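Here are some short exercises to work through with the model on your screen. Try each task yourself before you read its solution.

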Amino acid sequence: MCAIKAVSKKDVLNHDSASITFLEREILALGDDCRFLTALYAAFQTKERLFFVMEFVSGGDLFHHIFKV
């Protein structure tokens, strides 16, 4: 089982977050070496979106849990 994160290229460019998106991909690629990160199995793109295929971990995303406190 895996999780797929889809990101709109238009949103990345509109929010000037291309460097953050590339950094996220690099950090996810470290997942195999760090037990605290989900593994990145693949990354690909279409004309309109970027996709990150990652290890599935149930329980919601970390961002949600951080701001819940």
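**Exercise 1.** Is Lys5 buried, partly exposed or exposed, going by its relative accessible area?

*Solution.* Keep in mind that this is a predicted model.
- Step 1: Look up the value, which is a relative accessible area of 31% for Lys5.
- Step 2: Recall the cut-offs: buried means under 20%, exposed means over 50%, and partly exposed is in between.
- Step 3: Lys5 is therefore partly exposed.

**Exercise 2.** Find the partner that Lys5 meets in a salt bridge, and say where the two residues sit.

*Solution.*
- Step 1: Look for a carboxyl oxygen within 4 Å of the side-chain nitrogen. The side chain of Glu24 fits, with an N to O distance of 2.6 Å to Lys5.
- Step 2: Place both residues: Glu24 belongs to helix α2 and Lys5 to strand β1. They are 19 residues apart, so the pair links distant parts of the chain.
- Step 3: Check the exposure of the partner. Glu24 has 25% relative accessibility, so Glu24 counts as partly exposed.
- Step 4: Count the salt bridges in the model; the total comes to one.

**Exercise 3.** Describe the layout of the whole chain.

*Solution.*
- Step 1: Count the elements: you should find three helices and three strands.
- Step 2: Read them in sequence order, which gives the pattern β-α-α-β-β-α.
- Step 3: Consider the extent: along the principal axes, the C-alpha atoms fill a box of roughly 30 × 30 × 20 Å.
- Step 4: Ask how much is buried. Of the 69 residues in the chain, 20% are buried.

**Exercise 4.** Work out what surrounds the largest pocket.

*Solution.*
- Step 1: Start with the space inside, about 740 Å³.
- Step 2: Turn to the lining, which has 22 residues. Glu24, Leu28, Met54, Asp61 and Leu62 lie nearest the centre of the pocket. You have already met Glu24 in the salt bridge with Lys5.
- Step 3: Trace the elements involved: β1 (2–8), α2, β3 (49–55) and α3 each supply at least two lining residues. The most come from α2, with four.
- Step 4: Sort the lining by class: twelve residues are nonpolar, six are polar and four are charged.

**Exercise 5.** Now do likewise for the second largest pocket.

*Solution.*
- Step 1: The volume of the second largest pocket is about 230 Å³.
- Step 2: There are 13 lining residues, with Lys9, Thr21, Phe22, Gln45 and Leu50 closest to the centre.
- Step 3: At least two lining residues come from each of α1, α2, β2 (40–45) and β3. Here, too, α2 gives the most, with four residues.
- Step 4: By class, this lining holds nine nonpolar, two polar and two charged residues.

**Exercise 6.** Which residues form a nonpolar patch on the surface?

*Solution.*
- Step 1: The members are Leu62, Phe63, Ile66 and Phe67, and together they have about 510 Å² of accessible area.
- Step 2: Take Leu62 as an example, which lies in helix α3 (residues 62–68).
- Step 3: Leu62 has a relative accessible area of 62%, so Leu62 is exposed.

**Exercise 7.** What is notable about phi of Asp16?

*Solution.*
- Step 1: Begin with the general rule: most residues other than glycine have a negative phi.
- Step 2: Compare Asp16, where phi is positive, near 50°.
- Step 3: Locate Asp16, in the loop between α1 (9–14) and α2 (18–29).
- Step 4: With a relative accessible area of 70%, Asp16 is exposed.

Terms used: Residues are numbered from 1 along each chain as its sequence is written. This is a predicted model: local features need pLDDT of at least 70, side-chain atom pairs count only at pLDDT 80 or more; totals for chains, interfaces and linings use all residues. Side-chain values use heavy atoms; hydrogens and water are left out. Patches are made of residues with over 30% relative accessible area and no salt bridge: like charges are joined within 9 Å, nonpolar side chains (Val, Leu, Ile, Met, Phe, Trp, Tyr) within 5 Å. Accessible areas come from the Shrake-Rupley method with a 1.4 Å probe; for residues, only the protein chains shown count as cover. Buried means under 20% relative accessible area, exposed over 50%, partly exposed in between (1.4 Å probe, protein chains only). On a 1 Å grid over the protein atoms alone, a cavity is a set of points where a 1.4 Å probe fits but cannot get out, and a pocket is an open set with protein on both sides within 12 Å along at least five of seven lines; lining residues have an atom within 4 Å of a point. Grid points are joined across faces, edges and corners, and a volume is the space filled by probe spheres set on the points. Ala, Val, Leu, Ile, Met, Phe, Trp, Tyr, Cys and Pro count as nonpolar, Asp, Glu, Lys and Arg as charged, and the others, Gly among them, as polar.
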